[in-house]
Amino acid sequence: MKLIGTTEAAKRLGISTNRVRDLIASGRLKAQKIGREYAINLNDLNAVKNRTPGRPRKARKSVKR
């Protein structure tokens, strides 16, 4: 089991370290807190790697005619 930090995880995912911390806080990325830092298992990182980036689209409003 290899553990990496948030900086390395951000580089591998192509996102910012703040976004990695947001994924951890929301529960979408599993991590262990060791002291002040997070340790992320590479297997857990691969589970998040195939996510769709960005916000979900808003539902279209129906137009009455």
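Two strands pair if DSSP finds at least two bridges between them. Helices (H or I, at least four residues) and strands (E, at least two) are DSSP runs, numbered from the N terminus.

The model is predicted: local features need pLDDT of at least 70, side-chain atom pairs count only at pLDDT 80 or more, and totals for chains, interfaces and linings use all residues. Residues are numbered from 1 along each chain as its sequence is written, and side-chain values use heavy atoms, with hydrogens and water left out.

**Exercise 1. Work out the strand order of the sheet.**

Step 1. Start with β2, residues 32-34. Three bridges join β2 to β3, and the two run antiparallel. In this pairing, K33 stands opposite Y38.

Step 2. Look at the link between these strands. The hairpin of β2 and β3 has two residues between the strands. G35 takes a positive phi there, near 70°.

Step 3. Turn to β1, residues 3-4. Two bridges join β1 to β3, again antiparallel. Here L3 stands opposite N41.

Step 4. Put the pairs together. The sheet is open, has three strands and follows the order β1-β3-β2. β1 and β2 are the edge strands, as each pairs on one side only.

**Exercise 2. Find which side of α1 holds its buried residues.**

Step 1. Fix the term. Buried means under 20% relative accessible area, exposed over 50%, and partly exposed in between (1.4 Å probe, protein chains only).

Step 2. List the residues. T6, A9, A10 and L13 are buried in α1.

Step 3. Check their directions. The arc is that of the directions from the helix axis to the C-beta atoms. These residues cover an arc of only 100° around the axis, so they sit on the same side of α1.

Step 4. Name the partners. The buried residues of α1 pack against β1, α2, β3 and α3. Contact here means heavy atoms within 4.5 Å.

Step 5. See what follows the helix. G14 comes after α1 and has a positive phi, near 75°.

**Exercise 3. Do the same for α2, then compare S26 with the buried residues.**

Step 1. List the buried residues. In α2 (residues 17-26) they are V20, L23 and I24.

Step 2. Look down the axis. The buried residues of α2 fall within an arc of 100°, so they line one face of the helix.

Step 3. Find the cover. It includes α1 (6-13), β3 (37-41) and α3 (42-49).

Step 4. Take S26, which is also found in α2. S26 counts as partly exposed, at 48% relative accessibility. S26 and E8 are 18 residues apart along the chain, and their C-alpha atoms are separated by 19 Å.

Step 5. Note the next residue. G27 follows α2, with a positive phi near 90°.

**Exercise 4. How do α1 and α2 cross?**

Step 1. Define the lines. Axes are fitted to C-alpha atoms, for helices over the stretch in contact, and angles run from 0 to 180 degrees between N-to-C directions.

Step 2. Read the values. The axes of α1 and α2 come within 8 Å and cross at roughly 100°.

Step 3. Classify. Angles under 35 degrees count as roughly parallel, over 145 as roughly antiparallel, 65 to 115 as roughly perpendicular and the rest as oblique. α1 and α2 are therefore roughly perpendicular to each other.

Step 4. Name the residues that meet. T6, T7, A9 and A10 in α1 meet T17, V20, R21 and I24 in α2.

Step 5. Follow T6. T6 is buried, with a relative accessible area of 3%. Not counting residues up to four places away in sequence, T6 touches T17, V20, R21, I24, Y38 and I40.

**Exercise 5. Which residues touch the most other members of the largest nonpolar core?**

Step 1. Define the core. A nonpolar core is a set of buried Ala, Val, Leu, Ile, Met, Phe, Trp, Tyr and Cys residues joined through side-chain atoms within 4.5 Å.

Step 2. Answer. The core has 13 residues, and I4, A9, V20, L29, I40 and L45 touch the most other members. α1, α2 and α3 each supply at least two residues of this core.

Step 3. Trace V20. Its contacts are T6, A9, A10, I15, L29 and I40, not counting residues up to four places away in sequence.

**Exercise 6. Place α3 and its residue V48.**

Step 1. Place the helix. α3 lies across β1 and β3, running at about 80° to β3.

Step 2. Place V48. V48 is buried, with a relative accessible area of 8%. V48 touches L23, R28 and L29, not counting residues up to four places away in sequence.

Step 3. Add a distance. V48 and L23 are 25 residues apart along the chain, with C-alpha atoms separated by 9.1 Å.
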